[in-house]
Amino acid sequence: MRFFTLFIVLINLSWLAVAQTPAPFGAVPSPRQLQWHKMKYYAFVHFNMNTFTNEEWGHGTETANMFNPSQLDCRQWAKVAKDAGMEGIIITAKHHDGFCLWPSKFTEHSVKNSTWRDGKGDVLKDLSAACKEYGLKFGIYLSPWDRNHPAYGTPEYNDIFKNTLKEVLTQYGDVYEVWFDGANGEGPNGKKQVYDWPGFIATVRQYQPNAVIFSDAGPDIRWVGNEDGYAGETNWSTLNRDKVYPAYPNYWELTLGHEDGTHWVPTEVNCSIRPGWYYHASEDNKVKSLEHLVDIYYSSIGRNGNWLLNLPVDRRGLVHENDVARLMALKAYTDKASVNLAGGKAITASSVFRKTPAYAATNILDKSRDTYWAAADGAKQATLAIDLGKPTTLNRLLIEEYIALGQRVKKFSVAAWQAGKYQTIAQGTTIGNRRILRFQTITTSKIRVSFEEAKASPLIRLIEMYNAPELIVTPVISRSKDGLVTIACPRTTDPIITYTTDGSEPTASSLRFGEPFALMQGGTVKARAFIDNMKKASSPVSAEFDISAAKWTVVSAGGSTASKSADRLIDGNVNTFWQQRKTGNEPASVILDLGETLPLRGFTYLPRQDGKKEGIVYRYVASVSQDGKTWSAPVSQGTFSNINNNPVIQSVRFDQVQSGRYLKFDALETTAGNDATVSIAELGVLTH
Ligand code: FUL
C-alpha cells in the first residue's frame, strides 16, 4: 500500500514537473550538439603534402620526402589560435592525396616514410599536446577520398578507412569534432569508392562518443553549402536529414536548413583566411581584409552558425605573419564590438509562461545561458521591452533562443524609442542558437523586440547590445580592358585613398588616388582608405595584374566566331561572364588574339562570381600559336582542384615559356560533367 501511495505521489510530482516546464518543439539537439553549440569560433588548419607541392588537391603520386617542414611548431599554431579567441583546431590529418600526418599502420604514404624527423615525426601528437597546453579542443579532418591507397575503390578500403579512423581517434586524447569531406573522386585504380558512411559514423561513436560528426548531411552538424563564409539570414538548425547525403546537389538548401526538418543538424561555416585552403606563397598578400573577416563573423557566428576559419600553415610549419596580424586585428575588433550595454537592465515581457517567476524576462539580461524567458503557452507573438536607463548609443543586437527545447522564431523585429515613439530599426527571420543584427548607429534609452511569427511560443535565453566601432570599407582595385586602374571605396563617404605600385605598404603620405591610371604591363597595386583627416585607415588591400588586355580580341568562342558577349571574358569586370552551351564530348574552345607575340608563362581562368555553378570548367587543355592556325601540342592540361566549392581565380603555369600571339583554351568538362553550359568570367595570360 505504501509503495502504491509513493507511486501515485511520484506520478503527480512528475506530472507537475512536466506541467511547469515549456514542452519541447520539433527536433531538438542532442547533448553532444549542445556542447558544440557552446562554441562559436575555431581554426581549421590545412597543412599536409599540398603545402609542399603548391597544390589544392594532390594527386597521390607524391613521395613521402616531399613533406618536409623546416620549423614545424604546433605550439605556435595553438598560441595564435588562443590569442585569436579561438576554441579549438581541426587538422587535415589526411587529405585527398592520402598522405597521413601520423605514422599510420595502414598506408605507406605517411610521415613514417619521410626523412622529416627521420621518419619519427607525428604532427597529430604535437598538435594534440599543444592544444591541451593552450586549453583548446582538438579535431580531425580525415578525407575518405584517397588518391594514393592501392585498395581505394574496393570494399577492403572501407575497413582500412575505419582502422585509420580508429588510430586517430584512440591515440591523441579527446577529439571534439570529426570532419568528413564529401569529395569522392577516382583513386589510383581509376575507381571510385562506395563509402560505408554508417560504418564510418559507428566507428566515431565507438571511440569518441562525445565528438560531433560533420558532413554535408551531418549526422550532427552540416556544411553551409558554400566555402565563402556565409550562412543564410534565415537559417534553420533543422534538416530533413534522410534526404541529404554527402555531395548533395541542392547545396543551397544547406545554407537555409529545412523549416520543420526531421533532425537537428545545425550549420558550421567553413572558409579560408586566404583564397586557397593550402598555403601558396603567391597568396601572402591575399589574406582577407579585416572588413571582409568582420562581415564573415556576422554572417556565420551572427547567423546561427559556428565559424571554422582556415589557417593555411606554411612550408616552415608556422602560421604566416600576415595571417597572424589579421587574426589579431579581428580579435581586437570583435572585443570592442561585443561590450554588452544591456546586461542587468530592466526588462518586461508581454506574457510569461504560466506566470512562473522561473521563466521571467529578467533571465534574458542575466549572465546565464541556462535560464530563459518563456512566453505564455501557445503564444506565437510576444514583445519584450528593455529600458536601458539612459540614452545609449548602439548598432548591434545579439539574441539567442533556448534551443534545448527546439528552434521556434520565424520572424522578429527590433524597435528603438525615438522622438516619442518606437521606430523599427532592424528585422530578422530565424534566430536559433545565436543571431546578431547589424543596424545604423542610434542613440536611445528603450528597445523593444517583437516576435511576430513563431512555430511555438518563443523561449529566449539571452539578449545583448553593442556599439561596434565603424569600420572603414577597404578599397576595391580593378583594371579595365584598356589597362586603366580604378580604386573605389563604395560604401564610405569621402574617403581619401592612397596607393603604391612598387610593392610597399601604402601610408597617409603615399600617392593619392584621383583619376584612373594606366598599368599596361601589369604590377602590384596596394591601396588603403583614410577618413577623419587621415586619422583612421582601412586595412591595406593588394591586387596583382599581368599584361593588360588592351590589344586583345576574342577570335572565336564556343567553336563559333565570337559574338559581342564573348568580350565579357576579357573585359576586366569580374562580375560579367560569357557562357555557351556545349554538347557531349566536344570541347568548348575560346581563342584569344593577344595582338602581339608574348612570352607566355601560363594562363588564368576566373569562373563566374555570382555564386551559381553552371558552366564552371573542371577539365581543360591550353595551346598556343604564332598565327592562330597552327597550334602547339597542349602546353598545359589538367583539372582545376576544388573549383566547384571554391570558385576563385585559377593560375596555371606552363612547364616552359611559350612564345605566341594566340591562346586557345579548351573546356573539356565542367563540374557538372560533359553535357553542360560552359562559362568564363575572365581569361588571362601570365607573362611575368
Ligand atoms: C573541400 C575539399 O575538397 C577542399 O580541398 C578543402 O579541404 C575543403 C575544406 O573541403 O571539400
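Reader: Hey, which strands make up the open sheet of 3 strands, and in what order?
Author: The order is β18-β19-β22, and the pairing is antiparallel. Keep in mind that this is a predicted model.

Reader: Okay, and which strands stand at the edges?
Author: Those are β18 (476-479) and β22 (517-518). Each has a single partner strand, so one side of each is left without a neighbour in the sheet.

Reader: How many bridges join β18 to β19?
Author: There are 4 bridges between β18 and β19, which covers residues 484-488. As one pair to look up, Ser478 has Thr486 in β19 as its bridge partner.

Reader: Cool. Switching to helices: how many residues does α5 have?
Author: Helix α5 has 12 residues, running 123-134. From its first C-alpha to its last it reaches 16 Å, close to the 16 Å expected at 1.5 Å a residue.

Reader: Which residues of α5 are buried?
Author: Val123, Leu124, Leu127, Ser128, Ala130 and Cys131 are the buried ones. Looking down the axis of α5, you'd find them within an arc of 160 degrees, so they line one face of the helix.

Reader: And what is exposed on the other side of α5?
Author: Lys125 and Lys132 are exposed there.

Reader: What do the buried residues of α5 pack against?
Author: They pack against two helices and two strands: α4 (74-83), α6 (155-170), β2 (88-94) and β3 (137-142).

Reader: What about the ends of α5, what goes on at the start?
Author: A side-chain oxygen of Asp122 comes to within 3.0 Å of the backbone nitrogen of Leu124 there. After the helix comes Gly135, which has a positive phi, near 70 degrees.

Reader: You mentioned α4. Where is Gln76 found?
Author: Gln76 sits in helix α4. A polar atom of the Gln76 side chain lies 2.8 Å from the backbone nitrogen of Val319.

Reader: Which residues is Gln76 in contact with, leaving aside neighbours within four places in sequence?
Author: Leu318, Val319 and Val324.

Reader: New topic! What domains does the assignment give?
Author: The domain assignment lists domain 1 (31-336), domain 2 (346-466), domain 3 (476-545) and domain 4 (553-686). Taken over C-alpha atoms, the centres of domain 2 and domain 4 are 52 Å apart.

Reader: Back to strands then. What does β23 pair with?
Author: Strand β23 (residues 523-531) is joined to β20 (residues 496-500) by 5 antiparallel bridges. Another 5 bridges link β23 to β25 (residues 541-545), also antiparallel. Then there's β24 (residues 536-537), which pairs with β23 over 2 bridges in the antiparallel sense.

Reader: Which residues stand opposite each other there?
Author: Thr498 is opposite Arg528 in β23, and Thr524 is opposite Glu544 in β25. For β24, the bridge partner of Phe530 is Ala537.

Reader: How many residues lie between β23 and β24 in their hairpin?
Author: There are 4 residues between them, and Asp532 in the turn has a positive phi of about 50 degrees.

Reader: Last one: why is β30 largely enclosed by the rest of the structure?
Author: Because 8 of the 9 residues of β30 (residues 617-625) are buried.

Reader: And which strands does β30 pair with?
Author: It pairs with β32 (residues 650-670) in the antiparallel sense over 8 bridges, and 4 bridges join β30 to β31 (residues 636-639), again antiparallel. Val617 has Thr670 in β32 as its bridge partner, while Tyr620 is matched with Gly638 in β31.

Terms used. Residues numbered from 1 in each chain as written. Predicted model: local features only at pLDDT ≥ 70, side-chain atom pairs only at ≥ 80, totals over all residues. Heavy atoms only, no water. Pairing = 2+ DSSP bridges. Expected span 1.5 Å × (residues − 1). Buried < 20%, exposed > 50% of the residue type's maximum accessible area, 1.4 Å probe, protein only. Arc of directions from axis to C-beta. Contact = heavy atoms within 4.5 Å. Polar contact = N/O pair within 3.5 Å; in protein donor to acceptor, adjacent residues only side chain to side chain. Domains from an automatic or database assignment.
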